[in-house]
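Got your viewer ready? Please load the model shown here and keep the selection tool at hand.

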Amino acid sequence: MLNRGGQQGYKSSLVFILFLFIYCAFIISFSRYTFNLDDIWMWLDIYQKKPIYNGFNPANGRLFPLASMDLNLLMQISNSPYLFFSFNALIVFSFCLIYLKILNLVNDNKRLNNLIVALFTLSLGFVVVMFGICYPERMLILFLSIFILCSFYMLNNPSKTSFIIGILTLNLSLYLKEPIFISMFILGILLICSNLREKIKFYYSLCIIISSSVYPIMYIVFIFGNITAKYTRYTENTNIALESLRGILNYALNDGIIIFLLNSVFIYRIYKIFIKKEKFLAFFDGLLAASFTYLCVFIALMIFESYYLLPCYILGGVPMVYFLITEKYIKVLFIKICFILGISSFITSSIPSGIYNAINLKAIGIQFNDILKFSASYLAKQPNTTIYFDGIGRGRELYAEYYVGYFIEYLNKIYKIYDFDIRSYEKNGKDILAINKESPYSYKNSIEISSPKSKDLIILSNVTIHNTQYIKNLINSHTLLYKTNFSTIPYISLKSIIKYINTLTLKSNNEIFGHNNIFRLPINTYIFITN
C-alpha cells in the first residue's frame, strides 16, 4: 500500500496528466489560420503548399535552417490547421513528461515538480509559442529537454544511448536558434573542465564543444560574406530608446523568474564558488551559465519579444529547482527577495497574459476567418466597396498595420476577391512600412486620410487603439451589418492594471504606456455600414 506521501504524489500525478490532456485538447480545438506573429503569412504558404525557408536568409544574416522544416513536412499531408496544432499538442505532451522526469531526478517533491511544469505551460512565452506554428522554439525546447536529460544520465550513469541521443538533440537545437551555440559552447567548456579524467564524459563534453564550434564556422562560410542588410526590428523612424525601455520593463513583468530569480541564483553561485570555495557542480552550474548567457545575448541585441527567453527557462529551470529546493538557497535573504519579485511578476503578469493569449489567439482566428467569409460574400455582391478599419491607421508604432495587410491578402489569395478599396481615417504615425505605389488599395499606395461616405464599411476589432467609451459610442452610432459570434475575453493582467491606474491618476500620455485600448476590447468583431 502507498503511504500518505505516496498517495498524495499519485493523486498529484493524475491531476497533472488530466490537466495536460485538457491543455493539449484546447491547443487542437478551434484551429484556424490566424494571427500569431509570422503565422499569418506562413498559413498562406501552407495553403498554397509553398515551402517555407525563413531560417536561411544570408542577406539578413540569419542561419537557423531547421526552422519550419516540420511545417514543410506536415503540409505534404494536409493544409488543415487541425493537423498542425495536433503536432503542437504532441510536442507539448512530450516536453512536459520529459521535463518533469528531469525535475524528478533533482528534486524529490513530485507534487511541486508537477505544479512547476503545469504553471510553466500557462506562462506567456510558452502559450505564444505553442499556440502558433512559426516559432522554432517549439521544437527547440523539446530537443533541449532531451539533451539535458541525456546529459544528466551521461554524468551520472554514462551509456552509449545517452551519448548518441544527447549529441543528436544538441545538434538539432543548434540549428533552430542562432544564440544556442554560445550557450552550449559555454556549457561544454564547463563540463569538460570537470570531466578530464573520465573518458566517456570527457568525449561527451568534447562533442558538445565541437558541435557548438561548427555552427559559427558554418555561419562564416554560408552567411557572413553575403550579408547585405542588418537584421533589425526597427526602422529609421523607430524610437529605439523607448522600445528598449519598454522591452526591459516587459522582461521584468513577463519574465521575472529569469530577470530576478535566475540572475540572483547565478550571482550567488559565483559568490559561493569563488569566495566561499564551494565545489563547482558542472551540470547545474553549466546550465545556469548557459541560461544566463542566452539572456545576455538578447538583451545585447535589444530583442524583447515575450517568447525569446523560453530557452532560458529550459536551461535554467533545472539548476534553479536544484539550488533553491535541494540546496535550500531559498532561505538566503537576497534570493528570497528575488524569488518573491520573480514569482509575483509570474503570477500577476505572465500567467494572466498567457491565459488571455491562449483564449484570444483562438478567438481572433475564428473572428478573422468569419469576417473574411462575410466580407467575401458581401463584396462579391457589392464590388468597389470602400472599407475602413477603426483604430488602424498607418504607422506600426501606433497601429496593427498587419491586420489590414493580411485582410487584403487573404481576400485576394484565398477568396479571389479584388474589387474593393481600403482607406484610413486615423492620423498617420511615423514608422510607416514602405508605401507600394503599385498597390490598387489606397491604404497601401498613399498616406491619404479620408472620411467614410455613405455605404462604406467600418470594421471594428480588438486591435483598435481607442478606449472603451469611444468603442461604445461607435457601436451605438453606426448601423450594424455583421457581428462575430465567437467572443474573446478582456485583457486583464498586472500590465493592464498599471495602465488603467495611470489613466485614473497620473493620466500620463507618455508613449511608454502604449495606446488607449487597455483591455483590448471589444470582445467581438463588428462590421458597420455608414449611413
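Here is a short tour of a sheet, some helices and a few cysteines. A word before we start: this is a predicted model.

**Stop one: the sheet**

Select the strands of the open sheet, and you will have 5 of them, in the order 4-3-5-7-6. The pairing among these strands is mixed. Strands of a sheet pair through backbone hydrogen bonds, either parallel or antiparallel. Which strands form the edges? Color strand 4 (420-423) and strand 6 (479-483): each of these has a partner on one side only. Going from one strand to the next, the twist averages 30 degrees.

Now zoom in on strand 5 (residues 457-460) and strand 7 (residues 526-529). How many bridges join strand 5 to strand 7? There are 4, and the two strands run antiparallel. To see one facing pair, label L457, which stands opposite I529 in strand 7.

**Stop two: helices on the sheet**

Keep the sheet visible and add helix 15, which packs on it. Helix 15 touches strand 3 (385-389), strand 4, strand 5, strand 6 and strand 7, and its direction makes about 120 degrees with that of strand 6. Next, show helix 16 (residues 401-413), which lies across strand 3, strand 4 and strand 5. Relative to strand 4, helix 16 runs at about 175 degrees.

**Stop three: where two helices cross**

Stay with helix 15 (residues 333-381) and bring in helix 11 (residues 240-254), whose axis comes within 7 Å of that of helix 15. The crossing angle is roughly 100 degrees, so helix 11 and helix 15 are roughly perpendicular to each other. Show side chains for A252, L253 and N254 in helix 11, together with S345, F346, S349, S350 and S353 in helix 15, which they meet. By class, this contact has 3 nonpolar, 5 polar and no charged residues.

**Last stop: the cysteines**

How many disulfides are there? The count is 0, and two cysteines let you check it yourself. Select C96 and draw a distance from its sulfur to the closest cysteine sulfur, in C24: at 6.9 Å, that is too far for a bond, given a cut-off of 2.5 Å. C96 is buried, because its relative accessibility is 0%.

Then move to C312. Its closest cysteine sulfur is in C296, 8.7 Å away, which is again too far for a bond. Is C312 buried or exposed? C312 is buried, with a relative accessible area of 0%.

Methods:
Residues numbered from 1 in each chain as written. Predicted model: local features only at pLDDT ≥ 70, side-chain atom pairs only at ≥ 80, totals over all residues. Heavy atoms only, no water. Axes fitted to C-alpha atoms, helices over the stretch in contact; angles between N-to-C directions. Parallel < 35°, antiparallel > 145°, perpendicular 65-115°, else oblique. Contact = heavy atoms within 4.5 Å. Nonpolar A, V, L, I, M, F, W, Y, C, P; charged D, E, K, R; others polar. Buried < 20%, exposed > 50% of the residue type's maximum accessible area, 1.4 Å probe, protein only. Pairing = 2+ DSSP bridges.
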